[in-house]
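Student: Could you take me through one small part of this model up close? After that, I'd like to know how other parts of the chain look beside it.

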Amino acid sequence: MTELAIDATGVTKSFGAHRAVDGADLRVRPGELVALLGPSGSGKTTLLRLLAGFEVPDAGTVRIGGRLVAGDGIWEEPDRRRIGMVFQDGALFPHLTVVENLEFGRPRPGRAADCLALVGLAGRASAYPHELSGGERQRVALARALAVDPDVVLLDEPFAALDEGLRVGLREEVAAVLRAAGASALLVTHNQEEALSLADVVAVMRSGRIEQVGPPREIYERPVSRWVAEFLGDADVLPGSVSGGIVATELGSFPAAGGLARAQVLLRPEQVEIVDDGAGPTATVVGHSYFGHDQIVRLELPSGARLRSRVLGRASWRPGDTVRVRLSGEPIVLPA
């Protein structure tokens with residue numbers, strides 16, 4: 001059986017009375033890009049530091065590439081764990097050239113040049129970090145992480161310090177490089193769009209615990225809790241009543257999990273469509289926000305419940321207008 005790149009079980013870490021990581025389980029398969037996603041203070045960076053060996057866990061075990069590196073009386077220093085690190089600011093040595101930064105970890109002959117070519121910077125080998133753009137420095141940091149042939153690459157908010165336009169392009173490049181290299185990687189981020197668009201698997205972290213793990217589409221469309229649903233994107237709650245395994249709402253009736261006595265229905269704005277064909281329940285437009293590529297139209301149902309509808313292009317509705325709405329796809333039905 002192929003060993004996991006990362007296999008962390010029951011990992012716990014406290015700082016004084018604060019439990020930063022609370023019995024977390026996390027796995028990364030070979031060649032997989034996993035995003036560890038959570039808000040500030042959720043414990044995701046502490047968990048990454050525990051995996052890297054920068055912190056000692058109070059409990060639990062950590063295996064890297066199948067080797068036990070922490071727990072059960074075992075402890076390996078960071079430099080023996082066969083990991084590659086990419087930090088938020090790149091953390092390049094300013095007095096070394098690009099190629100010297102890569103060679104600092106003593107890669108095998110020719111590996112530094114190969115990794116620079118992989119990230120598209122073969123022509124910048126003799127440059128110093130201050131001569132590079134922010135995006136180039138991060139690509140050098142990634143090349144340096146890959147140069148040591150690690151079992152896993154750990155990326156700690158690597159795009160957070162970059163401008164939005166640069167960040168979007170670079171993160172796609174980095175994901176492409178990792179996949180081209182066949183690398184196993186864990187990306188720590190608080191950016192939902194980043195995690196959902198890049199990762200093969202997303203692990204959502206809250207208050208030191210892993211709340212949900214799964215493919216991006218699964219956790220977005222089938223979150224396990226209201227908190228996960230609202231953290232991953234806009235969601236509105238529609239009141240409903242449950243009877244016979246069905247939850248009835250103003251916008252229709254939907255299946256509820258067996259045994260639920262109370263349920264709440266969560267709707268994404270892209271599921272709420274404003275229609276012109278005269279069918280569907282009515283709603284009153286109470287406002288809208290324009291974002292260029294799309295806009296959010298805020299609606300109020302006769303009951304007073306408020307929803308948002310994501311609409312492409314420019315809206316022709318004004319506050320006070322009466323419109324008809326319908327749902328696209330299945331809503332998220334959760335225990336109330």
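Tutor: Ala279 sits in the loop that runs between strand 17 (272–275) and strand 18 (282–290); helices (H or I, at least four residues) and strands (E, at least two) are DSSP runs, counted from the N terminus. What you're looking at is a predicted model, where local features need pLDDT of at least 70, side-chain atom pairs count only at pLDDT 80 or more, and totals for chains, interfaces and linings use all residues. Residue numbers start from 1 along each chain as its sequence is written, and side-chain values use heavy atoms, with hydrogens and water left out.

Is Ala279 buried, exposed or partly exposed? Its relative accessibility is 41%, so Ala279 counts as partly exposed (buried is under 20% relative accessible area, exposed is over 50%, partly exposed is in between, with a 1.4 Å probe and protein chains only). Set aside residues up to four places away in sequence, and Ala279 touches Arg324 and Val325, a contact being heavy atoms within 4.5 Å. As for Arg314, that residue is 35 residues from Ala279 in sequence, and the two C-alpha atoms are 22 Å apart in space.

Now try two other loop residues. Arg82 is in the loop between strand 6 and strand 7 (83–86). It isn't a glycine, yet Arg82 has a positive phi of about 55 degrees. With a relative accessible area of 42%, Arg82 is partly exposed. Arg106 belongs to the loop between helix 2 (98–103) and helix 3 (111–118). Its phi is also positive, near 55 degrees, again in a residue other than glycine. Arg106 counts as exposed, because its relative accessibility is 77%.

A loop residue can be buried too: take Glu32, found between strand 2 and strand 3 (33–37). Glu32 has a relative accessible area of 8%, so Glu32 is buried. Its side chain makes a polar contact of 2.9 Å with the side chain of Arg29 (that's a pair of N or O atoms within 3.5 Å; within protein, one must be able to donate a hydrogen and the other to accept it, and residues adjacent in sequence count only if both atoms are side-chain atoms). Not counting residues up to four places away in sequence, Glu32 touches Arg27, Ala183, Ser184, Ala185, Asp200 and Val201.

Step back into strand 2 and you meet Asp22. Asp22 is buried as well, since its relative accessible area is 17%. The Asp22 side chain has a polar contact with the Arg19 side chain, at 3.4 Å. Beyond its neighbours within four places in sequence, Asp22 is in contact with Val11, Thr12, Gly208 and Arg209.

Strand 2 also has a place in a sheet, an open one of five strands in the order 2-1-4-5-6 with antiparallel pairing; two strands pair if DSSP finds at least two bridges between them. Strand 2 (18–28) and strand 6 (74–75) are the edges, each with a single partner strand, so one side of each has no neighbour in the sheet. Elsewhere in that order, three bridges link strand 4 (residues 59–64) with strand 5 (residues 67–71) in the antiparallel sense. Look for Arg63 there: it stands opposite Leu68 in strand 5.

Another antiparallel pair is strand 14 (residues 246–249) with strand 15 (residues 252–255), joined by four bridges. These two strands form a hairpin, with two residues between them. Val247 has Phe254 of strand 15 as its bridge partner.

For a helix residue, pick Glu193, which is in helix 6 (residues 192–198). Glu193 counts as partly exposed because its relative accessibility is 49%. Its side chain makes a polar contact with the side chain of Arg171, at 2.5 Å. Glu193 and Val333 are 140 residues apart along the chain, and 23 Å separates their C-alpha atoms.

Finally, the whole chain. It has eight helices and 22 strands, and its C-alpha atoms fill a box of roughly 70 × 45 × 40 Å along the principal axes. Of the 336 residues, 47% are buried. Take the contacts between residues at least 6 apart in sequence, and 64% of them join residues at least 24 apart.
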